[in-house]
Protein chains: 2
Amino acid sequence: MKSNPNIVTIGGGTGTFVVLSGLKNYPVKLSAIVSMMDSGGSTGRLKDQLGVLPPGDLRQALVALSESDEIWRKLFTYRFESGDLKGHNFGNIFLSALEKITGSTQEAVEYATRVLQTRGDVIPVTLDNSSLCAVYEDGTSFDQESQIDEYFGKSKISKMFLKPNALINLDAKHAIERADYIIFGPGDLYTSLLPNLLVQGMPEILANLNTKKIFISNLMTRAGQTDDYKVSDFVNKIEEYMMGETLDYILVNNEPFDKEIVKTYKEVDNAVPVVDDIEGDFYHEAKVIRTNLLSNTVFKPSKSDTLKRSLLRHDSEKLAETLFKILSFK
Amino acid sequence: MKSNPNIVTIGGGTGTFVVLSGLKNYPVKLSAIVSMMDSGGSTGRLKDQLGVLPPGDLRQALVALSESDEIWRKLFTYRFESGDLKGHNFGNIFLSALEKITGSTQEAVEYATRVLQTRGDVIPVTLDNSSLCAVYEDGTSFDQESQIDEYFGKSKISKMFLKPNALINLDAKHAIERADYIIFGPGDLYTSLLPNLLVQGMPEILANLNTKKIFISNLMTRAGQTDDYKVSDFVNKIEEYMMGETLDYILVNNEPFDKEIVKTYKEVDNAVPVVDDIEGDFYHEAKVIRTNLLSNTVFKPSKSDTLKRSLLRHDSEKLAETLFKILSFK
């Protein structure tokens, strides 16, 4: 039998967390490449105030892969609720202190990897300090990820770029070159997924590989980013940012949502379910796999959380099971 | 040969740090009982803002006893220099997060003990939330340790008490009952050492033991606390707060100080060297041991440090060597 397949996830945030949490229980070798352009919340403040690279997406991937004592996972997800530390996440503080002491994001992550006993590697997509910029159809432009995150439903993004240019981290490059499968998403298309593809060197590397590429479609649209986006729109955008390189698998949840939750999303976030507009089982070069990927748990935002969190999420176990089937029966 | 002697240090702050750092390299069993009344700096803010017990003295003892990777000792002594976290020590933040998660100071310390691989136990003198209060000869009174710390040279302390009453931690009681030697100081008499003796149950336990008690005399006076105090004054106060119980050994440095540093102390802190006023080799029941205990390093306060630190310190190696001689030839 062939040795365990190399799986690389590309993304950031809660979506990547869910994928990694599930896959770590399967016989695969995992590398998580995460976006380094987050500029909101605790992460953004630490970045601005301490001059460290944004720790938030790294931290989520580290916790997802952790197999250490439960207390470490609790620490890394703990958010202070009052005083000077209010809103700051302990994991972010830990990574920031390590980066200040070692002078290196890479070393900080490696050390956290040992402490958290992660089953797999966590790799910053770039080690350059760069901001995510967006230009909208209404002419508005932003040069901070957090501004993009907050420009709800006002206009559509027409162009994304990084300022200054960021170069792909060599460790990320090597992980992709060794990969048997690359998993994109789920996650915010413009602020978690595509920023990885904007890094210099990334599209070229992806274009020159035979590696199978899997996209896990989002459950809900995001106002101001992916309004009215259907599954095909997500796929089109990803393939566009991969310079025309195509996906091999598209995973789509086909379990209906609770109507009350959908109503809340519409009212609070002006977000709607992502419609599966693909006819048949193929789109471009990709096979479409439709199955129940929905978590039965409804997630509530935590009290001191300054960022919006999804109420509806993919189920990590269902996702991992479906992904592992793809890996086993290629 | 008898098994390794049980040594208990009672104190807090830098003095205890120096004693523990040296003794951990000797064949002794160490328990550090530390004061829990600190209310200044990072520690005081975390205490007030998060409702945790003050982590600072615990943290210093933990680092002193740590035998883990150097990175952990660096983390635990790292102080953030800017932003929301400015002035906060990472070790304090770590202990505070652990206490918030576990709901227990004791559990937080035990977990930190494992992470830092300490050679010995660190024990809060009390688990009660209590403030150190002082009444001065000029009629002034304070109910916060930090206020006492800051009332430089204005008047002398006439009375100390805790509000509300704090009960001795059972682990501290048991450690003292097992002790072959108890080491007091060096350290600020009124804010690091005596607060331990104000805890309900402590004087009674000390009075009922045959354990040898060693006092390491301070190098310098402290304005507003121990102005003009000579060695005998320190000893008298400690014996008074032990309800008349006497010391067995008094360690006094006899190495002269650099004149420039003494001048700086006088000018900046209104502090002077503690004069050895004891004639002969005994004072009350105690044998006086005079030797070179002085560190050759001059310590400078760190940039972001909001607390005053000693320029002159005991040398941990010289102290440990002298202490170990006492343990070996009793």
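This briefing walks through some local features of chains A and B.

The model is predicted. In chain B, the main item is an open sheet of three strands, ordered 5-4-6 with antiparallel pairing. In chain A, the points to look at are strand 3 (residues 121-124), where Asp121(A) lies, and two cis peptide bonds, one from Lys163(A) to Pro164(A) and one from Gly185(A) to Pro186(A). Asp228 gets a spot too, with a positive phi in chain A and in chain B.

**The sheet in chain B**

- Start with the layout: the three strands run in the order 5-4-6, paired antiparallel, and the sheet is open. Strand 5 and strand 6 of chain B are its edges, as each pairs on one side only.
- Strands of a sheet pair through backbone hydrogen bonds, either parallel or antiparallel.
- Strand 4 (residues 131-136) of chain B is largely enclosed by the rest of the structure, because five of its six residues are buried. Buried here stands for a relative accessible area under 20%.
- On one side, strand 4 of chain B is joined by six bridges to strand 6 (residues 157-163) of chain B, and the two run antiparallel.
- Want to check the register with strand 6? Ser131(B) has Lys163(B) as its bridge partner there, and Cys133(B) is partnered by Phe161(B).
- Strand 4 of chain B also has two bridges to strand 5 (residues 141-142) of chain B, again running antiparallel. Here Ala134(B) has Phe142(B) as its bridge partner.
- Strands 4 and 5 of chain B make a hairpin with four residues between the strands, and in that hairpin Gly139(B) takes a positive phi near 95°.

**Strand 3 of chain A and the charged patch**

- Buried or exposed: how does Ile123(A) in chain A come out? Ile123(A) is buried, since its relative accessible area is 7%, and the cut-off for buried is under 20%.
- Ile123(A) sits in strand 3 of chain A. Its C-alpha is 7.1 Å from that of Ser31(A), although the two residues are 92 apart in sequence.
- Asp121(A) belongs to strand 3 as well, but this residue counts as partly exposed because its relative accessibility is 39%.
- Which residues gather with Asp121(A) in a patch of negative charge on the surface? They are Glu107(A), Glu110(A) and Asp171(A).

**Cis peptide bonds in chain A**

- The bond joining Lys163(A) and Pro164(A) is cis, with omega about -10°. Pro164(A) is in the loop between strand 6 (157-163) and helix 8 (170-178) of chain A.
- Gly185(A) to Pro186(A) is also a cis peptide bond, this one with omega near -5°. You'll find Pro186(A) in the loop between strand 7 (181-184) and helix 9 (189-197) of chain A.

**Asp228 in both chains**

- Asp228(A) isn't a glycine, yet its phi is positive, at about 65°. Look for Asp228(A) in the loop between strand 8 (212-216) and helix 11 (231-241) of chain A.
- Asp228(A) counts as exposed because its relative accessibility is 54%, with exposed set at over 50%.
- Over in chain B, Asp228(B) has a positive phi near 65°, in a residue other than glycine. Its place is the loop between strand 8 (212-216) and helix 11 (231-241) of chain B.
- Asp228(B) is exposed, with a relative accessible area of 55%.

Conventions:
Residues numbered from 1 in each chain as written. Chains lettered and ligands numbered in written order. Predicted model: local features only at pLDDT ≥ 70, side-chain atom pairs only at ≥ 80, totals over all residues. Heavy atoms only, no water. Patch = residues over 30% accessible without salt bridge, like charges linked within 9 Å, V, L, I, M, F, W, Y side chains within 5 Å. Areas by Shrake-Rupley, 256 points an atom, 1.4 Å probe, with all protein chains shown as cover. Salt bridge = Lys/Arg side-chain N within 4 Å of Asp/Glu carboxyl O. Lys, Arg positive; Asp, Glu negative; His and termini not counted. Charge placed at Lys NZ, Arg CZ, Asp CG, Glu CD. Buried < 20%, exposed > 50% of the residue type's maximum accessible area, 1.4 Å probe, protein only. Pairing = 2+ DSSP bridges.
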